Amino acid sequence: MEKRKILVTRPQLPPLNEFIPLLADIWDSRWLTNNGKYHQEFEKALANYLGVPYVVLFANGTLALMAALQCLRIKGEVITTPYSFVATTHSLWWNDIKPVFVDIEPDYCNLDPERIEAAITPATTAILPVHVYGNPCEVDKIQDMADYYGLKVIYDAAHAFGVRLKGSSVLNYGDLSIVSFHATKVFNTIEGGAIICHDIKTKKRLDYLKNFGIANETTVVAPGINAKMNELQAAYGLLQLKYFDTVIDGRKHITEKYKKGLKNIPGVRYLDEPQEVDYNYSYFPIFIEESEFGRSRDDLFEELKKNGIYGRRYFYPLISEFPTYRGLPSAKGLDIAYEVSRQIICLPLYPDLADEIVDLIISIISEMVQVDSNKVPVKVLKTYKEKRKFPKEK
Ligand code: T4K
């Protein structure tokens, strides 16, 4: 018998019996893609659900990021974070834009607004922050900086579907925000993504950009790409929306269970829920402080694996450590991001994750810190560290 595997996530699917009639309708109509009726309906339903002005659907979040940069005609240098999924920086590279990495703040692992100013040069045109794990960046500080220096702000909000800040969707911030509807995200259309924009003119330009730049049968107005979502995914997405609130409730339950169980384990830190935020519980990241926990993050990662639990180290290594980017001057000195990337492990989180599995994960973690046969016990390690810091004079 194959050993049971608990993965970091498990995609949520709509009920099959509700999807079949929509498939039958698409089969009858023979309209499969290119701004069909489900595509149009889904864009409107999303804008309405999220409380945002305009939604432009895309085939995936990466193409949405690339098109957003094209849409605003971003060139030169863009300030961004090394602590994200590679797609964030790759979207710059594909647009021949130079990424300038700025370190993160340790509380939510987002781009540190206090460090942005020092990275601005005459070539800087925009800031590309990420709402990492769905926790909002310091949006007001970032906007102030952008306004002062005349920069655009594009949020990579791949993780932030459904997150509200002070009662309004976090996707309303910045010039544009991009979400991902990949299978591993809180809200999925198998593959998919969207850009949230503020006016119809921008929506129209994005509509052109995702469809080869075609305005009509004989007119191509821009060097667009093919980044359209098809009708099957749009219909699937419409169904997903009906169940999204339940999905969030399930994720919240698991998150709270983790927090309760891990509260008093030395060397294990999790993120506080931010103020004035309705969160989407998209990930459950924990950070292992080796000197307190007595074992490394990778020891824990392997121990969980031995028990069939597959956490993920989002985001390790840093983007700035990959060969494409490590030669950039800004790839050095990212101390907080570096440290955090060596501590992070995202634990399995999805609405139907069984309570017993969560209990098992918590007990594996707590037993690791208590019983440590291979390494020096926690207390001794601490004393050693103190001794190193404050050597006694003879
Ligand atoms: N910006 C940010 C900040 C992002 O995080 C992402 C994507 C993007 C931009 C780009 O958006 P998209 O172009 O993807 O729309 C996964 C996802 O593929 C990726 O979408 C996501 N971020 C990233 C954080 O995670 P991998 O390489 O970890 O995927 P993979 O295949 O290892 O799957 C992760 C886990 O999910 C595994 O344990 C298996 C499980 N899984 C996966 C799939 C695809 C399933 O159970 N079922 C499935 O269908 O990148």
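Reader: How many aromatic pairs does the structure hold?

Author: The model is a predicted one. A pair of aromatic rings is described by the distance of the centres and the angle of the planes. In this structure the number of aromatic pairs is 21.

Reader: Is the aromatic pair of Y283 and Y314 stacked or edge-to-face?

Author: The ring centres of Y283 and Y314 are 6.0 Å apart, and their planes make an angle of 85°. Planes over 60 degrees apart count as edge-to-face. The pair of Y283 and Y314 is therefore edge-to-face.

Reader: How many residues apart are Y283 and Y314, and where does each lie?

Author: Y283 is in the loop between β14 (277-278) and β15 (284-288). Y314 is in the loop between β16 (309-310) and α10 (335-341). The pair thus links distant parts of the chain, and the separation is 31 residues.

Reader: Is Y283 buried or exposed?

Author: The relative accessible area of Y283 is 12%. A residue under 20% counts as buried. Y283 is therefore buried.

Reader: Which residues form one aromatic cluster?

Author: Besides the pair just described, there is a cluster to look at. Its members are F42, Y49, F161, F181, F187 and F244.

Reader: Which ring does the charged end of R313 sit over?

Author: Two arginines can be taken in turn. R297 lies over the face of Y316, 4.5 Å from the ring centre. The charged end of R313 is 3.7 Å from the centre of its ring, and that ring belongs to F301.

Reader: Why does Q240 count as buried?

Author: Q240 is part of helix α7 (residues 231-262). Outside its neighbours within four places in sequence, Q240 is in contact with Q12, L13, P14, F187 and N188. Q240 counts as buried because its relative accessibility is 6%.

Reader: Which residue has its backbone oxygen 3.1 Å from a polar atom of the side chain of Q240?

Author: F187 and N188 are among the residues in contact with Q240. The backbone oxygen lying 3.1 Å from a polar atom of the Q240 side chain is that of N188.

Reader: Which residues come nearest to the ligand, of the 24 around it?

Author: There are 24 residues around the ligand. Those that come nearest are T62, D156, S180, K185 and Y314.

Reader: How much of the area of the ligand does the protein bury?

Author: A side-chain N or O atom of D156 is 2.7 Å from a nitrogen atom of the ligand. For an oxygen atom of the ligand, the distance to a side-chain N or O atom is 2.8 Å at H159 and 2.5 Å at Y314. Taken alone the ligand exposes 930 Å², and the part of this that the protein buries is 75%.

Technical notes: Residues are numbered from 1 along each chain as its sequence is written. This is a predicted model: local features need pLDDT of at least 70, side-chain atom pairs count only at pLDDT 80 or more; totals for chains, interfaces and linings use all residues. Side-chain values use heavy atoms; hydrogens and water are left out. Rings of Phe, Tyr and Trp (its six-membered ring) pair if their centres lie within 6.5 Å; planes under 30 degrees apart count as stacked, over 60 as edge-to-face and the rest as tilted. Helices (H or I, at least four residues) and strands (E, at least two) are DSSP runs, numbered from the N terminus. Buried means under 20% relative accessible area, exposed over 50%, partly exposed in between (1.4 Å probe, protein chains only). A charge sits over a ring if NZ of Lys or CZ of Arg is within 6 Å of the ring centre and within 35 degrees of the ring normal. A polar contact is a pair of N or O atoms within 3.5 Å; within protein, one must be able to donate a hydrogen and the other to accept it, and residues adjacent in sequence count only if both atoms are side-chain atoms. Contact means heavy atoms within 4.5 Å. A residue is near a molecule or strand if one of its heavy atoms lies within 4 Å of it. Accessible areas come from the Shrake-Rupley method with a 1.4 Å probe; for residues, only the protein chains shown count as cover.
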